[in-house]
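Here are my notes on this one, jotted down while going through the model. I start with the ligand and then move on to a pair of helices.

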Amino acid sequence: MKTDTSLPPVRGKILQNASLAPYTWFRVGGPADWLFLPADAEDLSLFLRELDPAVPVTTLGVGSNLIVRDGGIEGVTIRLMGKYWGEVSAVNATTLSAGAGALDLAVARAAAANGTRGLEFLSGIPGSIGGATRTNAGCYGRELKDVLNKLEGITRAGEPVAYQGDRAEYGLPALKMDYRHSELPEDFIVTRLLLSGDGTDDPDAILADIETLQARRAETQPIRDKTSGSTFANPDPPGTPDQRSAWKVIDAAGCRGLRVGGAQVSEKHCNFLINTGNATAADLEALGEFVRARVLDTQGIDLRWEVRRIGRLQLPA
Ligand SMILES: Cc1cc2nc3c(=O)[nH]c(=O)nc-3n(C[C@H](O)[C@H](O)[C@H](O)COP(=O)(O)OP(=O)(O)OC[C@H]3O[C@@H](n4cnc5c(N)ncnc54)[C@H](O)[C@@H]3O)c2cc1C
């Protein structure tokens with residue numbers, strides 16, 4: 001995108017040539033041509049209505065499932081951050097309303113404080129609730145789709161749209177949410193969700209369960225490293241019983257601890273890649289592709305990337 005492009009006026013912030021590495025868990029990646037931090041849903045909608053339709057738009061959550069490539073992102077990158085986007089409130093005893101920028105953990109904790117059972121699993125996912133929708137994030141046997149009641153968002157043309165119920169066009173089935181997958185239109189921006197649990201309980205008991213889940217995570221995953229969680233989805237179809245988990249086939253292929261540049265396959269959980277300090281996005285992607293090739297050669301399993309890789313390989317000249 002040319003730097004002389006005039007963008008529509010906004011009430012939030014627009015930053016030019018803004019580094020995106022600080023906005024991702026891996027801490028790698030080039031700059032956004034433009035980074036837009038909308039003040040609220042109306043600001044976002046008006047901006048998109050006025051923005052030249054030819055300009056590409058990309059939405060970031062908190063970057064816990066992303067490799068932003070070293071060449072950065074063309075066009076406008078949008079991040080929903082600040083009080084407005086992170087607001088979570090109780091609608092009734094079992095339903096909460098959450099801004100798309102709210103952390104999953106904050107939603108789980110708000111549900112617990114409200115005495116709502118069934119949203120505890122969200123505490124295991126270190127992303128935003130908007131990002132969780134796109135990837136149908138899940139753990140401990142539950143996925144976002146199991147608790148999603150209504151989804152509000154804005155199309156690339158700036159139109160507010162809500163998905164709810166069983167309608168053909170804007171009903172929840174149209175999103176085809178499945179294991180780590182949704183068919184939410186690529187340029188659709190989630191702005192707010194209604195999430196429903198399945199009962200009520202003592203808030204302290206729910207909070208205690210959340211703490212147990214978090215302690216279990218810290219034991220088994222390198223959650224303090226610069227990582228992006230599970231790199232590959234579990235094999236589908238799964239093959240033999242030993243080939244049901246991505247980490248098992250990666251381990252069996254001898255990839256635990258492998259390195260490319262500053263990127264490493266985690267010793268603690270070998271479906272996690274980590275940036276040991278000076279990795280580039282290219283190192284991480286090359287290591288992931290190397291692991292895929294080795295698993296295919298030795299196990300006959302073609303792993304599918306779960307981590308999303310976005311942006312340009314190199315900065316434009
Ligand atoms: C230590 C660790 C553990 C993890 N464990 C799990 C786990 O157990 N289960 C699991 O499912 N995932 C897990 N993840 C992966 C990740 O946390 C989830 O995929 C999470 O839902 C991503 O949310 P995010 O806000 O970080 O999204 P990002 O990584 O920023 O973006 C992911 C995708 O969502 C899109 N997106 C983000 N926000 C919006 C929005 N408002 N509207 C539309 N699209 C949007 C982006 O464009 C991108 O395509 C883990 C990650 C880490 C680092």
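1. Polar contacts of the ligand. Bear in mind that this is a predicted model. A ligand oxygen sits 2.8 Å from a polar backbone atom of Asn65. Two arginine side chains also take part: an N or O atom of Arg134 lies 3.3 Å from a nitrogen atom of the ligand, and an N or O atom of Arg308 lies 3.3 Å from an oxygen atom of the ligand.

2. Burial. On its own the ligand would expose 970 Å², and the protein buries 96% of that.

3. Who lines the site? The shell around the ligand holds 36 residues, with Thr59, Gly61, Ser64, Ser128 and Gly138 the closest. By type, the shell splits into 16 nonpolar, 16 polar and four charged residues.

4. Which elements supply the shell? At least two residues each come from β3 (57–60), α4 (129–135), β9 (138–139), β13 (189–196) and β15 (226–230). Helix α4 gives the largest share, five residues.

5. Now for the helix pair. The axes of α3 (residues 104–113) and α5 (residues 203–220) approach within 7 Å and cross at roughly 155°. That crossing angle is over 145°, so α3 counts as roughly antiparallel to α5.

6. What fills that contact? From α3 come Leu105, Ala108, Arg109, Ala112 and Ala113, and they meet Pro203, Ile206, Leu207, Ile210 and Gln214 of α5. Sorted by type, the residues of this contact are eight nonpolar, one polar and one charged.

Conventions
Residues are numbered from 1 along each chain as its sequence is written. This is a predicted model: local features need pLDDT of at least 70, side-chain atom pairs count only at pLDDT 80 or more; totals for chains, interfaces and linings use all residues. Side-chain values use heavy atoms; hydrogens and water are left out. Axes are lines fitted to C-alpha atoms, for helices over the stretch in contact, and angles run from 0 to 180 degrees between N-to-C directions. Helices (H or I, at least four residues) and strands (E, at least two) are DSSP runs, numbered from the N terminus. Angles under 35 degrees count as roughly parallel, over 145 as roughly antiparallel, 65 to 115 as roughly perpendicular and the rest as oblique. Contact means heavy atoms within 4.5 Å. Ala, Val, Leu, Ile, Met, Phe, Trp, Tyr, Cys and Pro count as nonpolar, Asp, Glu, Lys and Arg as charged, and the others, Gly among them, as polar. A residue is near a molecule or strand if one of its heavy atoms lies within 4 Å of it. A polar contact is a pair of N or O atoms within 3.5 Å; within protein, one must be able to donate a hydrogen and the other to accept it, and residues adjacent in sequence count only if both atoms are side-chain atoms. Accessible areas come from the Shrake-Rupley method with a 1.4 Å probe; for residues, only the protein chains shown count as cover.
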